Amino acid sequence: MKPTEQIVLPCTPTFLYPCTPKPILLAQSATCPSDVETLTSLMLRDLPNYANRVIQRSRPVNDDIDINLYIIVAGRAEFQPLTLGPGSYNSVTTASVEPPQQVFFTTLERQYVEGGAIETQSFHWLFLTHTDSGWRLALMFTRLGSASPERPPTPPRESSDGIMGRAVQLWLRDCRAGAIQVSYRY
């Protein structure tokens, strides 16, 4: 494909989000997209696979405890940033620096235990920053949800080094290296 040719990513409805009525147009390129919305749509498409590989690689060598956790799907992103509120610190030296881009997305996870499967929904608050060398993960917070309405999600916890944080970092590394396909060949 030529670098200026545009393609339409197919929409695959998920359990959490149906298809958007408008397709996303992307230019085929060997580098990461410069806008956060295009970058995130590609990342969410691949993130369950990256996260499942992180889970598999982090298992102990003597697998006495079998962790049967799988990331099923990553949901459509939201880009409306939260304000940090009054009293937030603004340094004179960082005033001219562009603030990180905030992205909110959800994942559906399934864990197999004796007697069945437990599905949970996790809520992720991702901060991405664009550097001279490409996109980087600045910070990530996660809230673990529950399928039960009686149990609210957990408080947010810093998760940059957790499964999803490491999956995002690996995906961004591959994106900066030009190893992410814009579209799949069927």
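**Exercise 1.** In this predicted model, determine whether Trp-125 is buried, partly exposed or exposed, and then classify its ring pair with Phe-141.

*Solution.* The relative accessibility of Trp-125 is 22%, and since buried requires a value under 20% and exposed a value over 50%, Trp-125 counts as partly exposed. Phe-141, at 23%, likewise counts as partly exposed. The ring centres of Trp-125 and Phe-141 lie 5.8 Å apart with their planes at 40 degrees, so the pair is tilted. This pair joins distant parts of the chain, with Trp-125 in strand 5 and Phe-141 in strand 6, 16 residues apart. Ring pairs further link Trp-125 and Phe-141 with Phe-104 and Phe-127 into a cluster.

**Exercise 2.** Classify the ring pair formed by Tyr-70 and Tyr-112, one of the 5 aromatic pairs in the structure.

*Solution.* The centres of the two rings are 6.0 Å apart and the planes stand at 65 degrees; because planes over 60 degrees apart count as edge-to-face, the Tyr-70 and Tyr-112 pair is edge-to-face. Tyr-70 belongs to strand 3 and Tyr-112 to strand 4, with their positions 42 residues apart in the chain. Tyr-70 is partly exposed at 30%, and Tyr-112 is partly exposed at 38%.

**Exercise 3.** Identify which residues touch the most other members of the largest nonpolar core, and which element gives the largest share of this core.

*Solution.* The core holds 29 residues, of which Leu-47, Leu-126 and Trp-171 touch the most other members. Elements giving two or more residues include helix 1 (36–57) and helix 2 (163–176), and the largest share, 10 residues, comes from helix 1. Leaving aside residues up to four places away in sequence, Leu-47 touches Ala-74, Phe-105, Met-164, Ala-167 and Val-168.

Conventions:
Residues are numbered from 1 along each chain as its sequence is written. This is a predicted model: local features need pLDDT of at least 70, side-chain atom pairs count only at pLDDT 80 or more; totals for chains, interfaces and linings use all residues. Side-chain values use heavy atoms; hydrogens and water are left out. A nonpolar core is a set of buried Ala, Val, Leu, Ile, Met, Phe, Trp, Tyr and Cys residues joined through side-chain atoms within 4.5 Å. Buried means under 20% relative accessible area, exposed over 50%, partly exposed in between (1.4 Å probe, protein chains only). Helices (H or I, at least four residues) and strands (E, at least two) are DSSP runs, numbered from the N terminus. Contact means heavy atoms within 4.5 Å. Rings of Phe, Tyr and Trp (its six-membered ring) pair if their centres lie within 6.5 Å; planes under 30 degrees apart count as stacked, over 60 as edge-to-face and the rest as tilted.
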